[in-house]
Amino acid sequence: MQNADNDLWETNRMLNSGVAQHQNVDQDFEEDSDSKVHVLVHDLRPPFLDGTVAYTRQLEPINPVRDVTSDMAVFSKKGSLLVRERRERQEREKAAARVASVAGTTLGNIMGVKDEPDLGEGELLLL
């Protein structure tokens, strides 16, 4: 059955390309003598794709720290005081520079002051 279909297809391709001469070719690919097979498809989805949100009764995440009261856990939760103070100081300096800047205002345009490129969100200015 499949060999006959392949032969018909190959003959059709050779005729269309001009390699072979036209012979009596039966191009009727629909044969009624084939047995029909009914396929039943079960649309099974895993539970994480079926739309349910809660998979567990545990509402809080699991804490990876064994002893929450240990010094290292407490310090890491609080964060570094030095980093926090440095970040706050830089934010204050940026805000003060933006307020004091005359670039983009009418006076700045008259004086010929050009805009300075601002640092992006992810960039740090180290002093």
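Let's start with Arg89: with 33% relative accessibility, this residue counts as partly exposed. Keep in mind that we are looking at a predicted model. What does Arg89 pair with? Its salt-bridge partner is Glu93, and the closest N and O atoms of the two are 3.7 Å apart. Glu93 is partly exposed as well, because its relative accessibility is 38%. Both sit in helix 3, and since they are four residues apart there, about one helical turn separates them. As a reminder, an α-helix has 3.6 residues a turn, so residues three or four places apart point the same way. And how many salt bridges does the count come to? Just one.

Let's stay with helix 3 for a moment. Helix 3 covers residues 81-100, which makes 20 residues. From first C-alpha to last, helix 3 reaches 28 Å, close to the 28 Å expected at 1.5 Å a residue. At its N-terminal end, Ser80 acts as the cap, with a side-chain oxygen 3.4 Å from the backbone nitrogen of Leu82.

Now, over to helix 1, residues 2-17. Its 16 residues should span 22 Å at 1.5 Å a residue, and the end C-alpha atoms are 23 Å apart, so the two agree. Right after helix 1 comes Gly18, which takes a positive phi of about 90°.

Last stop, the surface. Which residues make the nonpolar patch of about 330 Å²? They are Val102, Leu107, Met111 and Val113. Of these, Val113 lies in the segment after helix 4 (106-111), and Val113 counts as partly exposed because its relative accessibility is 33%.

Thanks, everyone, and happy to take questions!

Definitions and conventions: Residues are numbered from 1 along each chain as its sequence is written. This is a predicted model: local features need pLDDT of at least 70, side-chain atom pairs count only at pLDDT 80 or more; totals for chains, interfaces and linings use all residues. Side-chain values use heavy atoms; hydrogens and water are left out. Helices (H or I, at least four residues) and strands (E, at least two) are DSSP runs, numbered from the N terminus. The expected span of a helix is 1.5 Å times one less than its number of residues. A polar contact is a pair of N or O atoms within 3.5 Å; within protein, one must be able to donate a hydrogen and the other to accept it, and residues adjacent in sequence count only if both atoms are side-chain atoms. A salt bridge is a side-chain nitrogen of Lys or Arg within 4 Å of a carboxyl oxygen of Asp or Glu. Buried means under 20% relative accessible area, exposed over 50%, partly exposed in between (1.4 Å probe, protein chains only). Patches are made of residues with over 30% relative accessible area and no salt bridge: like charges are joined within 9 Å, nonpolar side chains (Val, Leu, Ile, Met, Phe, Trp, Tyr) within 5 Å. Accessible areas come from the Shrake-Rupley method with a 1.4 Å probe; for residues, only the protein chains shown count as cover.
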